[in-house]
Structures are given as structure tokens and as C-alpha cells.
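Q: Could you walk me through one part of this protein in close detail? I would like to see how a sheet is put together and what packs against it.

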Amino acid sequence: MTQTIIVDTGDKKASISRDIYGHFSEHLGRCIYGGFWVGKDSPIPNVHGYRKDVLQAFRDIGIPNLRWPGGCFADEYHWKDGIGPKENRKRMINTNWGGVIEDNSFGTNEFMGLCDELGCKPYICGNVGSGSVQEMDEWIEYITFSGESPMAKLRAENGHESAWKLPLFGVGNESWGCGGNMRPEYYADTYRRYQSFVRQYGSDKIQKIACGPSGNDYNWTEVLMREAAKYMDGLSLHHYTFEIDWGHQCSATEFTEEGWYRTMKNTFMLDELVRRHGEIMDKYDPEKRVALVVDEWGCWHKCEPGTNPGFLYQQNTVRDAVVAAIGLNTFNNHADRVKIANIAQAVNVLQAPVLTEGDKIVLTPTWHVFRMFMGHHDATLLGTTFAAPAAGLAEKNLLVPGISVSASVKKDEASGGNSYLVTVANTDISAAKHLEIGFAGLQGSISSAAAQVVTGAAMNSMNTFEKGDEVTAKTLSVQVTDKQTVALDLPAHSVAAVTVHA
């Protein structure tokens with residue numbers, strides 16, 4: 001049965017911000033230590049203490065921004081503990097994650113240096129839960145002030161005389177929960193106070209991001225937008241995909257067909273959340289000046305057996321690849337409101353694109369999806385429509401959209417024409433799909449087409465340290481069938497990226 005996708009080349013919408021493809025690094029498990037950072041004296045190949053292989057992995061997917069230091073850790077983090085000579089830095093227990101020693105050997109200078117190495121924007125989350133206004137004020141001064149001041153002097157004493165740019169700053173994290181258990185009215189007033197001291201020194205703007213809702217807490221969005229919208233540039237949203245729900249995490253690798261479709265259903269909820277929170281934001285911000293910032297999203301499975309349960313280390317399968325594609329397609333399709341997103345987390349934690357163990361590295365199925373979607377970075381979103389039957393288990397009332405789609409266009413500098421990218425996820429476990437993709441209103445005709453696919457022999461296929469290439473992006477055959485149409489066969493449980501030049 002042929003299923004049809006129509007890309008309306010004349011329906012040009014918002015620009016897809018590359019910041020939608022951001023990542024998140026918390027002092028949690030082995031994300032920072034053993035992930036990004038091994039120290040200058042490590043036998044593992046490194047650049048100034050940063051793992052060479054991990055740096056390269058994120059450069060290869062064009063990482064646009066990196067969020068740090070949390071997460072829940074952010075609201076217990078006091079930045080002055082992580083500056084100066086390593087031997088003088090305060091040692092503490094990471095009470096949020098695993099009860100291990102945090103020696104603060106990775107702090108502000110190391111994070112800003114990491115972003116320099118990656119060529120990405122730093123996105124710092126400030127401490128509102130246990131930190132003072134003065135502490136946040138001085139942190140901004142330490143990072144961004146280039147004149148004569150106590151914090152600029154301290155920065156110079158610590159080896160960095162010039163100021164850094166700080167494009168993104170979050171004023172607290174999950175203030176409704178681990179960040180202080182605040183009511184929205186209280187946090188709105190607290191945000192208004194704290195953000196006043198996130199000063200902009202010079203011409204480089206700091207986008208101030210307020211703590212937004214968890215999932216479907218629409219009242220939180222209503223209150224924050226009503227009381228504080230004019231003081232913010234972004235409002236965050238957190239949504240994790242569970243197979244069942246919070247508190248009932250299931251295996252990352254051993255799951256049933258029902259578990260697959262439950263996970264898909266909970267991922268598609270992202271579209272409803274973005275749409276409904278966006279509608280509330282539209283009431284107070286019809287010009288869409290305030291970005292919706294989905295700075296924690298992705299799969300939350302049960303941690304791998306035998307690992308510290310506080311480290312949230314989980315494997316990553318084809319199921320996670322399809323989840324990643326659905327999420328990224330959703331953000332693309334809401335590019336008028338969603339301007340920043342950060343999958344959780346970058347290395348060794350939750351739905352990580354990269355796993356490490358000693359000197360070994362694995363690029364997960366999720367990493368390969370991020371690489372295939374790179375053509376959407378800063379491209380123009382196009383309208384799409386499609387006809388595809390639902391997938392799932394009807395007898396369990398568990399049906400989901402059969403495919404997820406987004407499309408964009410960029411100017412092809414080489415040919416002078418246009419390059420179109422269509423990304424498609426097939427949520428059906430067992431059924432391949434014959435797709436015809438029509439480009440309505442195309443000026444001229446299709447000159448060439450190419451496609452890649454990420455899939456595996458089974459729905460739980462994965463990459464391991466022993467076999468790191470079980471799930472990678474492979475060439476997928478695509479035919480140009482007429483001036484405006486291409487056709488391809490999309491395997492079951494897969495993600496494809498189709499590039500068309502015209």
C-alpha cells in the first residue's frame with residue numbers, strides 16, 4: 001500500500017533554529033566526569049582534559065548549544081566552589097545523584113572552555129533554589145564583564161583575562177520540584193527579582209530563560225506568562241518519555257510490542273504539550289517573542305543492571321532513535337515557538353547520543369538520528385500533509401500515528417537551486433511502508449535525490465562497546481518518479497532522511 005507525503009514548497013514557515021538540536025550536561029553519573037572530562041593527566045586521549053573522541057562526536061553532529069550544570073544539581077551548585085586552583089576547590093557529596101564525591105574539578109572555566117572546543121553556545125542554568133541574588137549577579141559579572149571589577153579581576157587571576165559571551169541563561173531549574181517546590185505565583189515573583197541581576201554588559205545579549213512547566217501543568221505557564229512574560233526571552237518545558245509513567249521505569253532493551261507503542265504514544269504527547277502551552281503563550285505574546293525552550297526531553301528508562309541507580313545510565317536502541325526523530329520533527333513543526341531544545345543527556349545519562357567506558361566510545365542510534373537531521377539547522381520549515389494509517393495494537397486501544405514527518409528547504413549554494421530535506425519516522429514495528437513524497441508547487445523539476453536510514457534487525461537493536469555499528473545510518477534507495485515526486489521503501493521501526501535537489 002502506497003502512503004503519500006505532500007511537501008508544499010510554497011508554504012514557507014518559520015526558520016528552524018539550530019538551537020533545537022542542543023544537548024544537556026549535568027553533574028550526574030558519568031556525563032561530565034569520564035564523559036566530557038577526564039583531566040589533563042588522563043591516559044585517555046584528551047585536549048586540555050576534554051576527551052578527544054567525545055569532542056569529535058559532538059562536532060560531527062553540529063552541536064549548537066550545551067546546557068550546564070543541571071538539572072537538579074544546578075540549584076545546589078555554588079559556582080565559586082568550582083573556580084581557582086583544583087587543590088583548593090571544595091569537595092562535597094552529590095546528594096541529588098548517586099551520593100558520590102563532587103570535587104568541583106570541572107567548573108565555570110572548564111565548561112566555557114568545553115564550549116569553545118565544541119564551537120557551541122554555553123547555556124548556563126543559575127541557582128535559584130539555594131543560591132542568592134548576589135551569587136547569580138556575581139556569576140554573570142565573572143563570565144561576561146570586560147571592564148574593571150572584582151569578578152573580572154578574579155576571572156583574570158584564574159587564567160582568563162577576556163570576558164566570555166553567554167547567550168543563554170536559565171534562572172533556576174524545575175522550581176516547581178527539586179529546585180524549591182515553589183508555587184507558580186511565588187516563582188514568578190522570584191524570577192522577576194533574580195533576572196533583574198542577570199545584567200547585560202556590553203552589546204552581547206543574554207537570553208533569560210524562566211523555569212517553565214513540567215508536562216501538562218498549563219496553570220504554571222498561564223501564571224508565568226501573565227506575571228513575568230515581559231522579563232523573559234524563553235520559558236522552559238520538561239517532558240520525559242516513559243514506557244509507563246514516572247516511578248514505573250522499564251528496561252531500555254528488553255521490551256514488548258506493547259512497550260514499544262506505549263513509548264511512542266508518550267512521545268507523541270510532545271506535540272500536544274507544545275501546542276497547548278504555545279496557545280497560552282500566544283495570549284500574552286502573540287508576536288512569539290518568548291521562545292518555548294524544551295531543555296529536558298527524551299526517554300527515561302530503568303538504569304542498566306549492575307550500575308549505580310543514581311547515575312541513570314541506560315542503553316539506547318532503535319526505539320530511542322524513533323523517539324528522537326518524533327521529538328525533533330515535533331520541534332521543527334513548531335519552529336515558530338520552539339527555538340531551543342536539549343535532549344537529556346549528552347553522555348552516559350538517559351537518552352545519551354554518546355556512551356563511554358574507559359577509553360571506549362559508542363555512538364548510539366540517537367546520535368545517528370541527530371546527524372541525519374543536520375540539514376534542518378537554520379533551514380525554512382515547509383508545510384507537510386500525509387495520509388498514513390495508524391500503527392499499534394487496536395485490541396489494547398493503543399494506536400499511534402504511523403509516521404512522523406517534517407520538511408525544510410535551504411538554498412543549495414553549489415547549484416544555485418534549492419535543497420529539500422524530509423525526515424520521516426516509521427513507528428510501525430513490523431510493517432515497511434512504500435512512500436511517495438510529492439513536492440507541490442516546485443519550481444522546475446527534481447534533479448537528484450538521496451536518502452539514508454537508521455534501523456536495525458530488531459526493534460531493540462543497539463550499539464555496544466563490542467559491536468559499535470549494529471545501528472548506523474545507511475544508504476536507502478530512492479527513485480525520482482516524476483518532476484515533483486520521489487518514492488522509497490521505508491523499513492519497519494526506522495528513521496529516514498530524504499534529500500532532494502531541485
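**A sheet and the helix on it**

A: Let's start with one pair of residues: Thr-380 has Val-409, in strand S19, as its bridge partner. This is a predicted model, where local features need pLDDT of at least 70, side-chain atom pairs count only at pLDDT 80 or more, and totals for chains, interfaces and linings use all residues. Residues are numbered from 1 along each chain as its sequence is written, and side-chain values use heavy atoms, leaving out hydrogens and water.

Strand S16 (residues 380-387) and S19 (residues 403-411) are joined antiparallel by 3 bridges; strands pair if DSSP finds at least two bridges between them. Strands (E, at least two residues) and helices (H or I, at least four) are DSSP runs, numbered from the N terminus.

Now step back: S16 and S19 belong to an open sheet of 10 strands with mixed pairing, ordered S23-S22-S26-S20-S19-S16-S1-S21-S25-S24. At its edges stand S23 (473-476) and S24 (478-482), each with a single partner strand, so one side of each has no neighbour in the sheet. On average, neighbouring strands are turned by 25 degrees against each other, direction ignored.

Helix H8 packs on this sheet, touching S16, S19, S20 (418-426), S22 (448-454) and S26 (494-501), and its direction makes about 55 degrees with that of S19. Contact means heavy atoms within 4.5 Å. Angles run from 0 to 180 degrees between N-to-C directions, and axes are lines fitted to C-alpha atoms, for helices over the stretch in contact.

H8 (residues 318-333) also meets helix H9 (residues 365-372): their axes come within 8 Å and cross at roughly 35 degrees. Among the residues making this contact are Ala-321 and Leu-328 of H8, with Val-369 and Phe-370 of H9.
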